[in-house]
Amino acid sequence: MRILLWHVHGSWTTAFVQGPHTYLVPVTPDRGPDGRGRAVTFDWPASVVEVPVDRLRETDVDLLVLQRPRELELVRRLLGRRPGRDVPTVYLEHNAPGGPVPDTRHPVADRPGLTIVHVTHFNRLLWDCGTTPTTVIEHGIVDPGPLWTGELPRVAVVVNEPLRRGRTTGTDLLGHFSEAAPLDVFGMRTEHVAERLGLPRERCRGKDLPQAALHRAMAERRAYLHPVRWTSLGLSLLEAMHLGMPVVALATTEVAEAVPAGAGVVSNRLDVLRDALRRFVADREAARETGRAARAAALARYGLPRFLDDWDRLLKEVTR
């Protein structure tokens, strides 16, 4: 198929474009939010083809994968077609609802011709999608390999813009956890996180790394911390498990499903999580064994072949 989607979520798209189709990504001269084109920091195959937005109207498209409400209007304006009527369309919802849960209405609720695809069962449960058909296709991860060494007695955290997102991503909890183990916070705009939180830099360091270097840097740390209160299931958590890292995480959203017993410590008790960090940092062998279990669990549930098979089944149904 020839599938059109905007480059919105680089990590998720990296897995999606590993399938057998041609993936058309709009591009604008400034490579802004509505035309980023191909990824720069992710490794995408040649089957991902940039299409200038002024040529979209003349481009053959078999299916649309929309990810933002405004893309409904972009399709009508740039392609001259109606999503779900003139061209088969699925709406991929990456996030948990951000409004008055559990009554938040989805932006494409009650839209005939569309199918909403959620990335977790938790998200599907919480969103009010009205009469629009919904389904769940859980994440798939391009396996980075069992890179964990745990040579550094520090803990990795991955979050973009932690200062702006605040309590949502558990930024306020970093000081609490840094008392148990020194933290390395990776992600966009993390450089000043220690200063803004009033933490010693040796206890909380921020660094933004390119994707190619991030996995190896994570794997050098003894354990992975996921302090997120309210987002969808973080891909960085699943990537850490693929790396063979033991994980310590809040028991919120889909985490309790994703991290089975033996693969890490999941709890909403901060003292339990803090003790787990101390234990993994002090006992490298325990961290190694837990990380092995985490990797096995992630491969079984979030492996790339299952993800691509699930998507192919849905795409065939929608375009039939």
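Here is a walk through the two sheets of this predicted model, the helices on them and the nonpolar cores. Residues are numbered from 1 along each chain as its sequence is written, and side-chain values use heavy atoms, without hydrogens or water. As this is a predicted model, local features need pLDDT of at least 70 and side-chain atom pairs count only at pLDDT 80 or more, while totals for chains, interfaces and linings use all residues.

Let's start with the open sheet of 7 strands, which has the order β3-β2-β1-β4-β5-β6-β7 and parallel pairing. Strands (E, at least two residues) and helices (H or I, at least four) are DSSP runs numbered from the N terminus, and two strands pair if DSSP finds at least two bridges between them. At the edges sit β3 (48–52) and β7 (134–136), each pairing on one side only. Neighbouring strands here are turned by 30 degrees against each other on average, direction ignored; axes are lines fitted to C-alpha atoms, for helices over the stretch in contact, and angles run from 0 to 180 degrees between N-to-C directions. Look at β6 (residues 114–118): 3 bridges join it to β7 in parallel, and Ile116 has Thr134 of β7 as its bridge partner.

Now add the helices. Helix α12 (residues 304–319) packs on this sheet, touching β1, β4, β5 (89–93), β6 and β7, and its direction makes about 140 degrees with that of β5. Helix α2 (residues 71–79) lies across β1 (2–5), β4 (63–66) and β6, at about 140 degrees to β4.

On to the other open sheet: 6 strands in the order β10-β9-β8-β11-β12-β13, again with parallel pairing. Its edge strands are β10 (204–207) and β13 (264–266). β8 and β9 run parallel, joined by 4 bridges; Val157 has Val185 in β9 as its bridge partner. Helix α7 lies across β8, β9 and β11, at about 105 degrees to β11. Among the buried residues of α7 (residues 211–220) are Leu214, Ala217 and Met218, where buried means under 20% relative accessible area, exposed over 50% and partly exposed in between (1.4 Å probe, protein chains only).

Finally, the cores: sets of buried Ala, Val, Leu, Ile, Met, Phe, Trp, Tyr and Cys residues joined through side-chain atoms within 4.5 Å. The largest has 76 residues, and those with the most contacts inside it include Trp12, Met218 and Phe307. Beyond its neighbours within four places in sequence, Phe307 is in contact (heavy atoms within 4.5 Å) with residues including Trp12, Phe16 and His139. A second, separate core of 20 residues includes Leu4, Val51, Leu56 and Val87.
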